[in-house]
Each structure stands twice: as structure tokens, then as C-alpha cells.
Amino acid sequence: MRLKYKVIVITGGSGVLCSQMAIHLSKLGAKIVLLGRTISKLEAVEKQIIEAGGVALSYAADVLDKEALLTVHSEIIDRLGTCDILINGAGGNHPEATTANTRFGENEIAGKTFFDLDHKAVGNVFNINFLGTFLPSQIFGQDMIGKEGCSIINISSMSAFSPMTKVMAYSAAKAAISNFTEWMAVHFASANIRVNAIAPGFFLSEQNRKLLTHEDGSLTYRGNTIIGQTPMRRFGNPEDLLGTLEWLCGSGTAFVTGIVVPVDGGFNAFSGV
Ligand SMILES: NC(=O)c1ccc[n+]([C@@H]2O[C@H](COP(=O)([O-])OP(=O)(O)OC[C@H]3O[C@@H](n4cnc5c(N)ncnc54)[C@H](OP(=O)(O)O)[C@@H]3O)[C@@H](O)[C@H]2O)c1
């Protein structure tokens with residue numbers, strides 16, 4: 001029970017990746033707070049944690065709504081205490097901020113080229129990933145001042161190291177997350193708050209399923225390309241992230257801050273040749 005009594009706030013706690021993180025951290029003794037917009041999805045994860053003997057609370061809040069976050073923040077303090085660890089998991093892409101073609105002039109689809117991208121959709125993707133990490137860090141990070149063993153864990157992406165074709169806004173926003181992770185690590189080192197990020201490789205989720213698989217489950221051209229670029233020749237399972245997460249949350253990494261850890265089956269190391 002290495003994380004016993006730690007209060008861990010997880011945004012996007014009902015998602016494919018972060019729900020498994022929440023369940024795992026609760027087994028290590030942490031008190032889990034699940035944040036997302038849809039309460040029913042959060043409560044389904046909460047139920048699993050409680051049935052397994054853990055402690056969890058769900059709160060519906062949009063990570064872009066500062067007032068809602070402030071309200072939830074004070075409720076959490078009343079019910080569980082201040083936050084020790086924040087996992088900024090809410091994030092993702094949107095089809096309207098995605099080009100249909102991988103390169104200019106190839107397989108263009110009218111209305112889906114770079115020149116057609118809606119700047120509001122691009123802004124929304126930037127907001128959910130970047131501002132959606134900044135705001136919870138601002139609000140829950142304050143709890144960590146003057147406490148021992150606190151940290152913030154952001155979720156970056158392979159597209160932060162080198163941008164993925166089509167998902168321009170998502171790639172730029174995740175690059176911002178990696179950069180912001182380093183910025184906060186430097187800024188908060190004097191407060192003894194560690195800030196690190198995990199950069200997952202490719203994990204099938206609702207956000208990317210249509211890009212990577214056909215209706216019958218077979219791989220799209222892009223899905224095949226990714227597997228071809230992944231030396232371990234598979235997509236990740238959410239469980240693949242848990243060892244790294246536990247390591248970053250625990251006291252064994254007390255001198256580790258400002259890193260972005262790829263958990264990617266070797267994707268980022270492979271030049272393609
Ligand atoms: N899956 C992958 O292959 C992969 C790879 C690299 C990085 N990532 C990153 O890992 C993180 C988790 O991904 P995932 O695949 O687990 O995503 P997911 O299954 O789509 O879950 C996203 C979660 O974020 C919540 N959310 C979305 N917008 C929100 C908002 N404005 N305010 C509060 N909560 C919000 C969703 O709940 P509601 O919709 O109910 O709010 C849900 O709980 C994301 O940052 C993603 O970009 C994923």
C-alpha cells in the first residue's frame with residue numbers, strides 16, 4: 001500500500017487509459033478522485049474501485065471550466081483532504097481538427113484539407129489538451145505547496161516528439177504539454193513538487209478507433225503503418241502504462257522531475273529503417 005492515504009485527482013478518470021490508472025492506484029491505497037464531464041461514466045469506475053475495497057469519489061466538471069473546478073476542489077478538500085498527486089488525463093483529438101490527407105496534394109478530400117480546417121475546432125483541441133492541463137494544475141497544484149511527496153503527471157503523446165500526419169492540432173497541443181511539463185518541473189522544484197509526463201504510444205480508444213481500425217476490427221492503412229513502426233508489433237494495453245505511472249507517483253522517483261517517458265513498444269526509438 002505504497003500510496004496509502006494519498007489523495008490522487010485524475011482528470012479524464014473515466015477514459016480508456018485513466019480508468020485503469022485509477023483502479024490500479026486505488027489498489028496501492030490511494031484515495032481516488034475521478035473528474036470528467038459525464039458523471040455516469042465516472043461512477044461506473046468509482047463503483048469498481050469501491051467494490052474492490054478502495055476509496056473513490058466522482059465529480060462532473062469540465063477541465064476548461066475554472067469555476068466548476070474551484071467548486072469541486074473545495075468539495076474534495078472537505079471530503080478527502082488536499083490533493084497529493086494530480087494526473088492530467090483529460091485530452092484528445094477531434095475529427096474537425098484533422099486533415100483527411102497525409103500530405104498536400106495526395107488523396108485530397110474536399111472540405112478536409114489543411115486549408116479547410118476550422119480554426120475553432122483547432123482551438124478546441126488545443127484548449128482541451130493544453131488549457132485542460134494548465135487549469136487543474138493551477139487549482140490542485142496549490143494544495144501541494146508545503147507538503148511532502150506531491151507530484152503532477154501529465155499525459156503527452158508520441159505526436160509531441162515528432163508530429164503525426166493529419167492530427168496537426170493534437171500534435172501541437174501535445175508538444176505544448178511536454179514543454180509545459182518541463183516548465184512546471186523547473187518552476188516548482190523549489191516547492192518540491194515533481195512534474196513529469198507519460199507519452200503513451202498507440203492504445204485503441206474511442207478517439208482513435210476510427211482512424212486505426214475498420215468497422216470489422218481490421219487495421220486501416222494508418223493502423224498498419226503504426227504497427228509497422230512499432231518494434232513490438234502491437235498496440236498498447238492500458239495495463240502497459242501502470243508500472244511507469246506507479247514509479248512516477250512513488251517515492252522511488254523523488255529526484256526525477258521534468259521527464260516525458262515514452263511507453264510505446266519502441267515506436268519513438270525506431271527511425272523506420
Ligand atoms: N489512446 C491513445 O492511444 C493515446 C495515446 C497518447 C496519448 N493519449 C492521451 O491519453 C489521455 C487519455 O486518453 P484516452 O485514450 O484514455 O481517452 P478517452 O478514453 O477518450 O478518455 C478521455 C477522458 O477525458 C474526459 N474528458 C474529455 N474532455 C473533457 C473535458 N473537457 N473536461 C473533463 N473531462 C474531459 C472524458 O470524459 P467525458 O467525455 O465524460 O468528459 C474521458 O474520461 C488523453 O490525454 C489522450 O490524448 C492517448
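Lys-47 sits out on the surface of this predicted model, with a relative accessible area of 51%, and that makes it exposed, because the bar is over 50%. Its salt-bridge partner is Glu-51, with the N and O atoms 3.3 Å apart. Both residues belong to helix 2, which runs over residues 39–51, and they are four residues apart, or about one turn of the helix. Glu-51 is exposed too, since its relative accessibility is 60%.

**The other salt bridges**

Side chains of opposite charge can pair when their charged atoms come close. How many salt bridges turn up in a search of the whole structure? There are five, and three of them are set out here.

| Salt bridge | N to O distance |
|---|---|
| Arg-2 and Glu-246 | 2.5 Å |
| Glu-51 and Lys-47 | 3.3 Å |
| Arg-103 and Glu-106 | 4.0 Å |

The Arg-2 pair ties together distant parts of the chain, its two residues being 244 apart. Arg-2 comes from the segment before strand 1, while Glu-246 belongs to helix 9 (residues 242–249). Their surroundings are worth a look as well. Arg-2 counts as exposed because its relative accessibility is 68%, whereas Glu-246, at 18%, counts as buried.

Then there's Arg-103 with Glu-106, whose N and O atoms are 4.0 Å apart. Arg-103 has 56% relative accessibility and so counts as exposed; Glu-106, at 37%, is partly exposed.

**A nonpolar patch**

Which residues make the nonpolar surface patch of about 520 Å²? They are Phe-104, Phe-114, Phe-115 and Met-168. Phe-114 is found in the loop between strand 4 (85–88) and helix 4 (119–141). With 51% relative accessibility, Phe-114 counts as exposed.

**Around the ligand**

Now for the ligand. Of the 28 residues around it, the nearest are Ser-14, Arg-37, Thr-38, Tyr-170 and Gln-207. Sorted by character, the shell has eleven nonpolar residues, 13 polar ones and four charged ones.

Several side chains put a polar atom by a ligand oxygen. For Lys-41 the distance is 3.4 Å. Ser-205 has a side-chain N or O atom 3.2 Å from an oxygen atom of the ligand, and a polar side-chain atom of Asn-208 also lies 3.2 Å from a ligand oxygen. On its own the ligand would expose 890 Å², and the protein buries 91% of that. Helix 1 (16–27) and helix 6 are the elements that give two or more residues to the shell.

**Two backbone oddities**

Most residues other than glycine have a negative phi, and most peptide bonds are trans. Tyr-5 goes the other way, with a positive phi of about 75°. Where does Tyr-5 lie? The answer is the segment before strand 1 (7–11). Tyr-5 is exposed, because its relative accessibility comes to 62%.

Asn-192 is another residue other than glycine with a positive phi, here near 65°. Asn-192 is part of the loop between helix 6 (168–188) and strand 6 (193–200). Is Asn-192 buried, exposed or partly exposed? At 39% relative accessibility, Asn-192 counts as partly exposed.

Terms used:
Residues numbered from 1 in each chain as written. Predicted model: local features only at pLDDT ≥ 70, side-chain atom pairs only at ≥ 80, totals over all residues. Heavy atoms only, no water. Buried < 20%, exposed > 50% of the residue type's maximum accessible area, 1.4 Å probe, protein only. Near = heavy atom within 4 Å. Polar contact = N/O pair within 3.5 Å; in protein donor to acceptor, adjacent residues only side chain to side chain. Areas by Shrake-Rupley, 256 points an atom, 1.4 Å probe, with all protein chains shown as cover. Nonpolar A, V, L, I, M, F, W, Y, C, P; charged D, E, K, R; others polar. Patch = residues over 30% accessible without salt bridge, like charges linked within 9 Å, V, L, I, M, F, W, Y side chains within 5 Å. Salt bridge = Lys/Arg side-chain N within 4 Å of Asp/Glu carboxyl O.
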